[in-house]
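Trainee: Could we go through this structure together, contact by contact? I would like to begin with the charged side chains.

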Amino acid sequence: PFDEHSQKYIEYKHLLNANKLFYEALLSLDEEKYHEALKILELISKEYPANKQYQVYKLYAKSFVLEGINNSENRKVLLKEIESLEKSEIQNIELLLFTKLRIYILNEDYDLALYFYQSIDDDLKSDIDFSYLIIKALINDNRNDSENLEDEHGYSLYIEVDGKKLLFDAGQTDIFKKRIRK
């Protein structure tokens with residue numbers, strides 16, 4: 001519908017190309033080709049800085065590229081980028097929050113990870129895919145027959161992420177040992 005040489009046509013074609021690259025990056029993420037995805041997302045994020053969706057996915061891809069103990073300082077910088085985006089209105093807040101929680105865990109800042117996870121709104125928690133992040137409540141402070149949890153004052157949480165297993169226990173006895181075996 002546009003003249004091939006008009007400014008609107010050129011902008012439209014540019015945007016279509018950026019979206020095509022974005023979907024290529026998503027495919028790369030799906031195939032766990034994080035370096036490739038990050039390269040694409042950095043390119044289109046630079047070209048379209050106002051598009052927060054590109055920014056969020058770039059940070060998500062970067063969190064995988066920065067795995068390992070040698071990247072702790074780089075992940076701290078990544079957290080600052082995430083925190084600056086949190087203040088913006090963005091569509092993919094769930095992915096951004098998941099990435100932030102993932103960085104806390106990669107940095108072995110487990111107290112902060114637990115605190116942050118508990119502070120996330122329950123509706124958002126249900127939207128976040130924790131497919132590789134397993135979190136189980138082992139002991140509940142309140143009676144909850146549907147979960148078959150034993151009751152005592154306190155709280156226990158079991159987390160598995162990237163092959164690491166963590167247990168937070170604030171219970172009064174050792175009944176968490178029975179639950180962990182289940």
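Mentor: The model is a predicted one. A good starting point is Glu67, which forms a salt bridge with Arg102, with 2.2 Å between the closest N and O atoms.

Trainee: Where do Glu67 and Arg102 lie, and why does the pair tie parts together?

Mentor: Glu67 belongs to the loop between α3 and α4, while Arg102 belongs to helix α5, so the salt bridge ties together parts that are 35 residues apart in sequence.

Trainee: Is Arg102 buried or exposed?

Mentor: Arg102 counts as buried because its relative accessibility is 2%, and the cut-off for buried is under 20%. Its partner Glu67 is partly exposed, with a relative accessible area of 33%.

Trainee: And which ring does Arg102 lie over?

Mentor: Arg102 lies over the face of Phe64, 3.7 Å from the ring centre.

Trainee: How many salt bridges does the structure hold?

Mentor: The structure holds six salt bridges. One of them joins Lys62 to Glu81, with the closest N and O atoms 3.6 Å apart. This pair also links distant parts of the chain, since Lys62 is in helix α3 and Glu81 in helix α4, 19 residues apart.

Trainee: Lys62 first, then: buried or exposed?

Mentor: Lys62 is buried, at 16% relative accessible area. Glu81, at 25% relative accessibility, counts as partly exposed.

Trainee: What about Lys76 and Glu73, how far apart are they in helix α4?

Mentor: Lys76 and Glu73 are three residues apart in helix α4, which means that about one helical turn separates them. Their side chains meet in a salt bridge of 3.4 Å, N to O. Lys76 counts as partly exposed at 41% relative accessibility, whereas Glu73 is exposed with a relative accessible area of 53%. In addition, Glu83, Glu86 and Lys100 are joined into one network by salt bridges that share partners.

Trainee: Changing topic to the rings: how many aromatic pairs does a search of the whole structure find?

Mentor: The search finds eight aromatic pairs. Among them is the pair of Phe22 and Tyr54, which is tilted, with 5.2 Å centre to centre and 45° between the planes. Phe22 lies in helix α1 (residues 7-30) and Tyr54 in helix α3 (residues 52-65), so the contact ties together parts that are 32 residues apart in sequence. Both Phe22 and Tyr54 are buried.

Trainee: What about Tyr60 and Phe98, what kind of pair do they form?

Mentor: Tyr60 and Phe98 form a tilted pair, with 6.4 Å centre to centre and 50° between the planes. Tyr60 is in helix α3 and Phe98 in helix α5 (residues 93-106), so this pair ties together parts that are 38 residues apart in sequence. Tyr60 is buried at 18% relative accessible area, and Phe98 counts as buried at 5% relative accessibility.

Trainee: Which residues form one aromatic cluster?

Mentor: The cluster is formed by Phe22, Tyr23, Tyr48, Tyr54 and Tyr57.

Trainee: Now the nonpolar core. Which residues touch the most other members?

Mentor: The largest nonpolar core has 41 residues, and within it Leu29, Leu41, Ile44 and Leu96 touch the most other members. Two or more residues each come from α1, α2 (34-47), α3, α4 (72-86), α5 and α6 (110-119). The largest share, nine residues, comes from α5. In soluble globular proteins, nonpolar side chains tend to be buried together.

Trainee: And what does Leu29 touch, not counting residues up to four places away in sequence?

Mentor: With those residues left out, Leu29 touches Tyr34, Ala37, Tyr57, Tyr60 and Ala61.

Trainee: I also noticed Ser28. Which helix does it lie in?

Mentor: Ser28 lies in helix α1 and is buried, with a relative accessible area of 2%. Leaving aside neighbours within four places in sequence, Ser28 is in contact with Lys33, Glu36 and Ala37.

Trainee: One more polar residue: what does the side chain of Thr99 reach?

Mentor: The side chain of Thr99 reaches the backbone oxygen of Leu95 at 2.8 Å. Thr99 is part of helix α5 and counts as buried at 1% relative accessibility. Not counting residues up to four places away in sequence, Thr99 touches Leu59, Tyr60, Ser63 and Ile82.

Conventions. Residues are numbered from 1 along each chain as its sequence is written. This is a predicted model: local features need pLDDT of at least 70, side-chain atom pairs count only at pLDDT 80 or more; totals for chains, interfaces and linings use all residues. Side-chain values use heavy atoms; hydrogens and water are left out. Rings of Phe, Tyr and Trp (its six-membered ring) pair if their centres lie within 6.5 Å; planes under 30 degrees apart count as stacked, over 60 as edge-to-face and the rest as tilted. Helices (H or I, at least four residues) and strands (E, at least two) are DSSP runs, numbered from the N terminus. Buried means under 20% relative accessible area, exposed over 50%, partly exposed in between (1.4 Å probe, protein chains only). A charge sits over a ring if NZ of Lys or CZ of Arg is within 6 Å of the ring centre and within 35 degrees of the ring normal. Contact means heavy atoms within 4.5 Å. A nonpolar core is a set of buried Ala, Val, Leu, Ile, Met, Phe, Trp, Tyr and Cys residues joined through side-chain atoms within 4.5 Å. A polar contact is a pair of N or O atoms within 3.5 Å; within protein, one must be able to donate a hydrogen and the other to accept it, and residues adjacent in sequence count only if both atoms are side-chain atoms. A salt bridge is a side-chain nitrogen of Lys or Arg within 4 Å of a carboxyl oxygen of Asp or Glu.
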